[in-house]
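Here are some notes for a first look. Please keep the model open while reading.

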Amino acid sequence: MRTSENHDVWVVIPSFNEGESLGSVLDQLAPPGYSVVVVDDGSRVPAMIGSRPGVHLLRHCVNLGQGAALQTGIDYAVERGAHYLVTFDADGQHLADEIPAMLQPLRDDRAEITLGTRFGSGGKAVNITRQRKATLKLATLLSRFSTGLRITDTHNGFRALTRHAAQRLRITQDRMAHASQILEQIARLEVRYVEVPVTVRYTAYSVAKGQRISDAFNILWESAAGRIS
Amino acid sequence: MRLIQPILLAALLCLFFVYLRFLRSTLRDRVLALIFFLLASAAVVVPDSTQRLAHMVGVGRGTDLTFYLFAVAFSFSAVLTYSRLSRVSRSLTEVVRRIAILEAQRPNQPEPAE
């Protein structure tokens with residue numbers, strides 16, 4: 001049963017080499033009736049999602065990076081009339097039923113962009129490793145220093161934006177530096193933002209996917225260099 | 001005339017022609033290339049010119065001066081190359097994005113048969 005009022009909410013999911021987690025994420029997003037655009041960023045095994053109502057699939061013929069995949073999905077959604085956009089991870093770390101809470105400040109016109117936080121009050125980081133937590137907290141500090149924004153979770157892929165905000169922001173950093181770039185643009189363009197506590201679930205699957213030391217190093221580097229795009 | 005001089009001159013001539021033939025050449029680039037070629041040739045041909053130049057600017061040896069200038073020119077060129085690469089990368093992204101949107105698979109469409 002799909003709610004018709006959510007057709008104008010577009011969930012943008014960048015995807016790279018995701019397996020079954022993508023399918024179950026799409027299952028979660030189906031009942032509320034959101035429009036969904038999955039952007040397959042040149043996965044070795046192309047994402048096969050079957051034919052699902054409300055779900056669009058785009059493919060980058062070459063791997064460009066998560067930032068590029070997000071921007072592609074955002075462009076597509078805006079082109080198709082999205083009123084609200086939600087960026088969402090493909091690996092099952094985010095919870096679909098927290099989307100309404102992310103949209104509420106936008107609907108109330110308290111902000112043009114909401115940023116999910118797992119570290120702010122009310123946020124949860126389930127099964128996070130100490131290394132990951134330490135890296136992200138340090139990245140947050142560095143990002144605060146370089147963008148001036150008092151954000152508690154700078155590398156959270158769960159965000160919601162109004163159509164207007166989506167049209168003002170432009171992600172040109174194709175790879176992981178896009179997270180810092182988004183914050184840098186929010187600061188520079190003075191976009192009204194609000195942080196919303198969300199849950200981030202670390203499963204064995206998602207942990208195995210992204211826990212290299214090089215990740216930590218790159219995240220910290222890009223957070224410090226926030227203003228350099 | 002030391003042996004190194006015709007060798008370097010020949011090398012410079014080759015570089016100059018390669019540059020003209022294969023690399024971007026706006027008017028500015030051509031002028032820069034010509035100036036570089038002439039200066040470099042002068043340094044090679046006129047005996048001890050680098051040595052005298054070095055003394056004028058307080059550097060001990062001509063070789064050292066050449067090295068410093070080379071280091072600067074190289075760094076500059078590295079930065080130029082990086083910015084060119086970035087531009088190419090951005091163009092690539094735009095093309096891949098355009099293709100992705102054009103070939104979008106809309107809902108309720110069967111997967112293309114492989």
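The points below cover one strand residue, two loop residues and two helix pairs.

1. Ground rules. This is a predicted model, where local features need pLDDT of at least 70, side-chain atom pairs count only at pLDDT 80 or more, and totals for chains, interfaces and linings use all residues. Residues are numbered from 1 along each chain as its sequence is written, chains are lettered from A and ligands numbered from 1 in the order in which they are written, and side-chain values use heavy atoms, with hydrogens and water left out.

2. Asp40(A). Start in strand β2 (residues 35-40) of chain A, which holds Asp40(A). Helices (H or I, at least four residues) and strands (E, at least two) are DSSP runs, numbered from the N terminus. Asp40(A) is buried, at 1% relative accessible area. Buried means under 20%, exposed over 50% and partly exposed in between (1.4 Å probe, protein chains only). Contact means heavy atoms within 4.5 Å. Beyond its neighbours within four places in sequence, Asp40(A) has contacts that include Ser15(A), Pro46(A), Leu57(A) and His60(A).

3. Two loop residues. Asn127(A) sits between β6 (124-126) and α4 of chain A. Its phi is positive, about 65°, although it is not a glycine. Glu190(A) is also not a glycine and has a positive phi of about 55°. Look for Glu190(A) in the loop between α6 (178-189) and β8 (193-197) of chain A. Asn127(A) is exposed, with a relative accessible area of 57%. Glu190(A) is exposed too, at 67%.

4. A helix pair within chain A. The axes of α4 (residues 130-147) and α8 (residues 213-224) of chain A come within 7 Å and cross at roughly 15°. Axes are lines fitted to C-alpha atoms, for helices over the stretch in contact, and angles run from 0 to 180 degrees between N-to-C directions. So α4(A) is roughly parallel to α8(A). Angles under 35 degrees count as roughly parallel, over 145 as roughly antiparallel, 65 to 115 as roughly perpendicular and the rest as oblique. Among the residues that meet are Leu138(A) and Leu142(A) in α4(A), with Ile219(A) and Leu220(A) in α8(A).

5. A helix pair between chains. Helix α2 (residues 66-79) of chain A packs with helix α4 (residues 62-102) of chain B at about 45°, their axes 10 Å apart. That makes α2(A) oblique to α4(B). The residues that meet include Gln71(A) and Tyr76(A) in α2(A), and Thr93(B) and Arg97(B) in α4(B).
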